[in-house]
Amino acid sequence: VAYLKESGVVVQAGPFLDDEGKMRGSLVVIDVPDRAAAEAWAGCDPYGLAGLFAKVEIRAWNKVIG
């Protein structure tokens with residue numbers, strides 16, 4: 001969590017929950033200039049480096065409202 005807070009690029013973050021309220025993944029929205037920056041950020045995530053993720057998806061997103 002410290003990595004998320006201290007990186008300076010995280011806009012929002014939190015877990016996905018199933019119908020029973022158990023964690024089933026997570027979403028991290030970051031504000032970076034390009035995909036390479038997103039990949040570099042994800043590549044330094046301590047949880048990822050520890051092998052705790054089954055997979056990581058990086059997707060571009062365009063904020064329209066908010």
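Which backbone nitrogen does the side chain of Asp45 reach? In this predicted model, the answer is that of Tyr47, at 2.7 Å. Asp45 itself sits in the loop that runs between helix H2 (35-43) and helix H3 (46-49), and Tyr47 belongs to helix H3.

Asp45 is a bit of an odd one out on the charge front. The residue is buried, yet no salt bridge goes with it. Lys5 carries the nearest side chain of opposite charge, and that is 14 Å away. A salt bridge needs the nitrogen and the carboxyl oxygen within 4 Å, so Lys5, at 14 Å, doesn't qualify as a partner for Asp45. Leaving aside residues up to four places away in sequence, Asp45 touches Tyr3 and Phe53.

Two of the residues around Asp45 turn up again on the outside. Tyr47 and Phe53 join Val1, Leu52 and Val56 in a nonpolar surface patch of about 520 Å². Tyr47 has a relative accessibility of 46%, so this residue counts as partly exposed. In other words, the residue whose backbone nitrogen is reached by Asp45 also has a share in the nonpolar patch.

Now for the charges that do find each other. Side chains of opposite charge can pair when their charged atoms come close. The structure holds 4 salt bridges. One of them lies within helix H2, where Arg35 and Glu39 are 4 residues apart, or about one turn of the helix. Their side chains meet with N and O at 3.0 Å. Arg35 is partly exposed, at 47% relative accessible area, and Glu39 is partly exposed too, at 41%.

Further along the chain, Glu57 takes part in two pairings. With Lys55, the closest N and O atoms are 3.1 Å apart; with Arg59, the N to O distance is 2.8 Å. These shared partners tie Lys55, Glu57 and Arg59 into one network. Glu57 is partly exposed, with a relative accessible area of 48%, while Lys55 is exposed at 62% and Arg59 is exposed at 69%.

That leaves a glycine towards the start of the chain. Gly8 falls in the loop between helix H1 (2-6) and strand S1 (10-17). With a relative accessible area of 69%, Gly8 is exposed. Follow the chain for 10 residues from Gly8 and Asp18 comes up, 29 Å away in space from C-alpha to C-alpha.

Note on methods. Residues are numbered from 1 along each chain as its sequence is written. This is a predicted model: local features need pLDDT of at least 70, side-chain atom pairs count only at pLDDT 80 or more; totals for chains, interfaces and linings use all residues. Side-chain values use heavy atoms; hydrogens and water are left out. Helices (H or I, at least four residues) and strands (E, at least two) are DSSP runs, numbered from the N terminus. Buried means under 20% relative accessible area, exposed over 50%, partly exposed in between (1.4 Å probe, protein chains only). Lys and Arg count as positive and Asp and Glu as negative; His and the chain ends are not counted. A polar contact is a pair of N or O atoms within 3.5 Å; within protein, one must be able to donate a hydrogen and the other to accept it, and residues adjacent in sequence count only if both atoms are side-chain atoms. Contact means heavy atoms within 4.5 Å. Patches are made of residues with over 30% relative accessible area and no salt bridge: like charges are joined within 9 Å, nonpolar side chains (Val, Leu, Ile, Met, Phe, Trp, Tyr) within 5 Å. Accessible areas come from the Shrake-Rupley method with a 1.4 Å probe; for residues, only the protein chains shown count as cover.
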